[in-house]
Amino acid sequence: MGTEILSFDVEKIREQFPVLNQRVNGYPLVYFDNAATSQKPRAVIDAISEYYQTINSNVHRGVHHLSQLATDAYEKAREKVQLHINARHTHEIIFTKGTTDSINLVASGFRDLIKEGDEIIISALEHHSNIVPWQMLCEKIRAKLKVIPFNDMGELIQEEYDKLLSEKTRLVAFNHISNALGTINPAKEMIAKAHAAGAAVLIDGAQAIPHMAVDVQDLNADFYAFSSHKMFGPTGVGILYGKEKWLEKLPPYQGGGEMIKTVSFKKTTYAGLPHKFEAGTPNIEAGIVLGVAVDFLQEIGLENIAAYEQELLEYGTQRLMEFDFMRIIGQAENKASVISFLMGDLHPYDVGSIVDKLGIALRTGHHCAQPIMDGFNIPGTLRASFSFYNTKGETDRMIEALKKAKMMLS
Ligand SMILES: *Cc1c(COP(=O)(O)O)cnc(C)c1O
């Protein structure tokens, strides 16, 4: 692995992210809020402009030249995503607005597939967008929502999961990587257990997709959801991967243009996959440019990215532990490059505001995962989430800024 990292030139990579090269409050920007959204490489930024300057047109509608070009580019992007996550078929890739939209699509469709008394299992490590849609579904159908608890390290307790699974379980939904703690969940094993109980599985992959190679067939996930904006692509588009057999079973999500075969007032028939789930004009430019982001990731290589980010994680953890009264929330054995922490009884918001004055972008708060904070009995944390364009030098800058904040606040 060490020799591979030699080919990983972070300074070269940083040159491709123009936003990083600026001062904030007079200091060079340190962007450590990658779990909220990622920055965009020049290739992505340029491709957006290029699209509008050359082929902007509506997709799937016209026979004219530009419409053909836009349609081809859009479908090409779908294929790139398919290959990137190793889906079996291109039509198993549905363009959505993002992870939240993808999860809502599945939750809304499951209204037709579950009945009163059935059970859905989620985990206590979820982002709100993988909690609320299931709560809404369960309330509507009077199904039961069960929650896998986590231990002090921030790992899901597998024995408790085993106990929750039963012949009543219809669906299990959990994240591949926790955005709040960085925990990497043993997705493949958990999916196999759900399948043994006869349940379908949705994986929220929003945090996994920018940090590790994902193979949906190897995982054997039934659904896998993620957002373009967290994987260096544009905002406003995301992906729902679904196994063909499950996408066939789900009813359409929204009605409108593009998702139909024929429309009459007597009876409307729906289009096949993937168009059945893609009503209306999509975010064409963002879909196409997501394909460019995929190319970019593949060029660097997710193995290289994961290895480099592990170094950043280890270094950041080690440096933070130099502080007295440092509390790192989430110390899972398998962890991605996210560090949630508290400094004694200093309020995360106060610390975050001071380090921002020194150019350091950290996230403060509950990270859209209030149940996790409740589980640890804390109101929120400071969070540093690293990407492959970050450096150990930036971590040193963060440590200096935190020292200053600590002095000012205590
Ligand atoms: C960001 C995130 C989401 C929500 O993604 P959107 O792009 O806001 O729809 C869901 N789950 C996890 C784990 C996330 O990190």
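This briefing walks you through a ligand site, two sheets and a couple of backbone oddities. Keep in mind that you're looking at a predicted model. One sheet has seven strands with mixed pairing, and another has four strands with antiparallel pairing. The ligand, meanwhile, has 86% of its own accessible area covered by the protein.

**The ligand and its surroundings**

- Start by finding the residues around the ligand: T99, T100, H127, S129, N179, D204, A206, Q207, S227, H229 and K230.
- Sort that shell by class and you get one nonpolar, eight polar and two charged residues.
- Look at D204 next, because an N or O atom in its side chain counts as a polar contact when it sits within 3.5 Å of an N or O atom of the ligand. Here a ligand nitrogen is 2.5 Å from such an atom of D204.
- S227 has a side-chain N or O atom 2.7 Å from an oxygen of the ligand.
- For K230, the distance from a side-chain N or O atom to a ligand oxygen is also 2.7 Å.
- On its own, the ligand has 380 Å² of accessible area, and the protein covers 86% of that.

**The seven-stranded sheet**

- Before you trace it, here's a handy bit of background: strands of a sheet pair through backbone hydrogen bonds, either parallel or antiparallel.
- This sheet is open, and its strands line up in the order β4-β10-β9-β8-β7-β5-β6.
- At the edges you'll find β4 (93-96) and β6 (144-148), each pairing on one side only.
- Going from one strand to the next, the twist averages 20°.
- Want to see a parallel pair? Strand β5 (residues 119-123) and strand β7 (residues 169-175) run parallel and are joined by three bridges.
- To spot a bridge between them, pick I121 and look for its partner V172 in β7.
- Helix α5 (residues 99-109) packs on this sheet and touches β4, β7, β8 (200-204), β9 (223-227) and β10 (238-242). The direction of α5 makes about 150° with that of β9.

**The four-stranded sheet**

- This one is open too, with its strands in the order β13-β14-β17-β16.
- Its edge strands are β13 (326-329) and β16 (363-365), and each of these pairs on one side only.
- If you ignore direction, neighbouring strands here are turned by 30° against each other on average.
- Strand β14 (residues 338-343) and strand β17 (residues 381-385) run antiparallel, with four bridges joining them.
- Zoom in on S340 and you'll see R383 of β17 standing opposite.
- Helix α12 (residues 302-320) packs on this sheet, touching β13 and β14. The angle between the directions of α12 and β14 is about 5°.

**Two backbone oddities**

- Most residues other than glycine have a negative phi, and most peptide bonds are trans.
- Which residues does a cis peptide bond join? They are L273 and P274, with omega at about 0°.
- You can find P274 in the loop between β12 (269-270) and α11 (284-300).
- H60 isn't a glycine, yet it has a positive phi of about 65°.
- Look for H60 in the loop between α3 (42-54) and α4 (65-84).

Notes:
Residues are numbered from 1 along each chain as its sequence is written. This is a predicted model: local features need pLDDT of at least 70, side-chain atom pairs count only at pLDDT 80 or more; totals for chains, interfaces and linings use all residues. Side-chain values use heavy atoms; hydrogens and water are left out. A residue is near a molecule or strand if one of its heavy atoms lies within 4 Å of it. A polar contact is a pair of N or O atoms within 3.5 Å; within protein, one must be able to donate a hydrogen and the other to accept it, and residues adjacent in sequence count only if both atoms are side-chain atoms. Accessible areas come from the Shrake-Rupley method with a 1.4 Å probe; for residues, only the protein chains shown count as cover. Ala, Val, Leu, Ile, Met, Phe, Trp, Tyr, Cys and Pro count as nonpolar, Asp, Glu, Lys and Arg as charged, and the others, Gly among them, as polar. Two strands pair if DSSP finds at least two bridges between them. Helices (H or I, at least four residues) and strands (E, at least two) are DSSP runs, numbered from the N terminus. Axes are lines fitted to C-alpha atoms, for helices over the stretch in contact, and angles run from 0 to 180 degrees between N-to-C directions. Contact means heavy atoms within 4.5 Å.
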